[in-house]
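Q: I am a first-year student and would like a close look at a single part of this structure. Could you choose one part, go through it slowly, and then show what is found around it?

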Amino acid sequence: MPKNKGKGGKNRKRGKNEADDEKRELVFKEDGQEYAQVLRMLGNGRCEAMCIDGTKRLCHIRGKMHKKVWIAAGDIILVGLRDYQDDKADVILKYMPDEARLLKAYGELPENTRLNEGIVDEEDEGGADDYIEFEDEDIDKI
């Protein structure tokens with residue numbers, strides 16, 4: 001039997017808490033970077049995001065964030081644009097919900113950006129009045 005030389009198994013790795021829950025400095029975009037909102041997750045470390053400049057891009061989640069920072073649809077992310085591929089980008093940073101609200105307050109994100117609501121299809125928005133109201137007289141006739 002080989003002697004175990006490590007310091008533990010996968011449970012030790014799972015217990016590592018590198019969460020950035022404490023306050024961190026707000027990172028603004030630089031040249032070659034853009035803000036984006038995740039439309040959907042594709043798997044294999046990739047996602048589809050709508051950038052603020054109006055372009056839909058296929059984004060690759062960098063290895064430092066892979067399996068450590070969970071990204072879901074509707075999240076605001078900072079992506080690095082590629083010089084040689086305009087339709088692809090790399091995820092640099094995921095903004096926490098309070099950081100995204102600050103970015104919107106500072107005017108970095110447009111006003112029509114919907115934060116922490118997920119992505120809602122346009123045809124679903126009109127379904128606000130899908131319920132039926134009955135008056136007391138209608139119930140008495142039955």
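**The strands and what surrounds them**

A: In this predicted model, strands S2 and S3 pair in the antiparallel sense, and 5 bridges hold the pairing. S2 covers residues 46-51 and S3 covers residues 56-61. Within the pairing, Cys47 stands opposite Cys59 in S3. The two strands also form a hairpin with 4 residues between them, where Gly54 takes a positive phi near 95°.

On the other side of this hairpin in the sequence is strand S1 (33-43), which is joined to S2 by 6 bridges, the two strands running antiparallel. S1 and S2 form a hairpin as well, with 2 residues between them, and Asn44 in the turn has a positive phi of about 60°. One bridge partnership between these strands is that of Arg40 with Glu48 in S2, and the side chains of these two residues also meet in a salt bridge of 3.2 Å, N to O. Glu48 counts as buried because its relative accessibility, 17%, is under 20%, whereas Arg40, at 46%, counts as partly exposed.

S3 is also joined to S5 (88-94), and here the 4 bridges connect strands that run parallel. Leu58 stands opposite Lys88 in S5. As background, strands of a sheet pair through backbone hydrogen bonds, either parallel or antiparallel. Taken together, 5 strands make a closed barrel in the order S1-S2-S3-S5-S4, and the pairing in this barrel is mixed. Neighbouring strands of the sheet are turned against each other by 50° on average when direction is ignored.

The next step is to ask which residues of these strands gather into a core. The largest nonpolar core has 13 residues, and those that touch the most other members are Ala36, Cys47, Cys59, Ile71, Ile77, Val79 and Val91. The elements that give two or more residues to this core are S1, S2, S3, S4 (76-81) and S5, and S2 gives the largest share, 3 residues. Cys47 and Cys59, named above as opposite each other, therefore appear again among the residues that touch the most other members, and both are buried because every member of a nonpolar core is buried. In general, nonpolar side chains in soluble globular proteins tend to be buried together.

Ile77 is a useful residue to inspect by itself. Leaving aside residues up to four places away in sequence, Ile77 touches Glu34, Tyr35, Ala36, Val38, Cys47, Ala49, Ile71, Val91, Leu93, Lys94 and Tyr95. A second, separate core has 10 residues, among them Leu78, Ala100, Leu109 and Leu115.

Two of the residues that Ile77 touches, Tyr35 and Tyr95, lead to the aromatic pairs, of which the structure holds 2. One of them is formed by Phe28 and Tyr106, a tilted pair with 6.0 Å centre to centre and 55° between the planes. Phe28 lies in the loop between helix H1 (10-15) and S1, and Tyr106 in the loop between helix H2 (97-105) and helix H3 (122-125), so the pair links parts of the chain that are 78 residues apart. Phe28 counts as partly exposed at 34% relative accessibility, while Tyr106 counts as exposed because its 52% is over 50%. Tyr35 and Tyr95 also form a tilted pair, with 6.0 Å centre to centre and 50° between the planes. Because Tyr35 lies in S1 and Tyr95 in the loop between S5 and H2, this pair ties together parts that are 60 residues apart in sequence. Both Tyr35 and Tyr95 are buried.

Charged side chains make further links, and the structure holds 7 salt bridges. In one of these, the side chains of Arg24 and Glu99 meet at 2.9 Å, N to O. Arg24 is in the loop between H1 and S1 and Glu99 in helix H2, so the pair ties together parts that are 75 residues apart in sequence. Arg24 is partly exposed, at 26%, whereas Glu99 is buried, at 7%.

Returning to the strands, Asp53 and Arg57 meet in a salt bridge of 3.4 Å, N to O. Asp53 counts as partly exposed, with 42% relative accessibility, and Arg57 is buried, with 3%. Salt bridges that share partners join Asp53, Arg57 and Asp86 into one network.

Notes: Residues numbered from 1 in each chain as written. Predicted model: local features only at pLDDT ≥ 70, side-chain atom pairs only at ≥ 80, totals over all residues. Heavy atoms only, no water. Core = buried A, V, L, I, M, F, W, Y, C linked by side-chain atoms within 4.5 Å. Buried < 20%, exposed > 50% of the residue type's maximum accessible area, 1.4 Å probe, protein only. Contact = heavy atoms within 4.5 Å. Phe/Tyr/Trp six-rings, centres within 6.5 Å; stacked < 30°, edge-to-face > 60°. Pairing = 2+ DSSP bridges. Axes fitted to C-alpha atoms, helices over the stretch in contact; angles between N-to-C directions. Salt bridge = Lys/Arg side-chain N within 4 Å of Asp/Glu carboxyl O.
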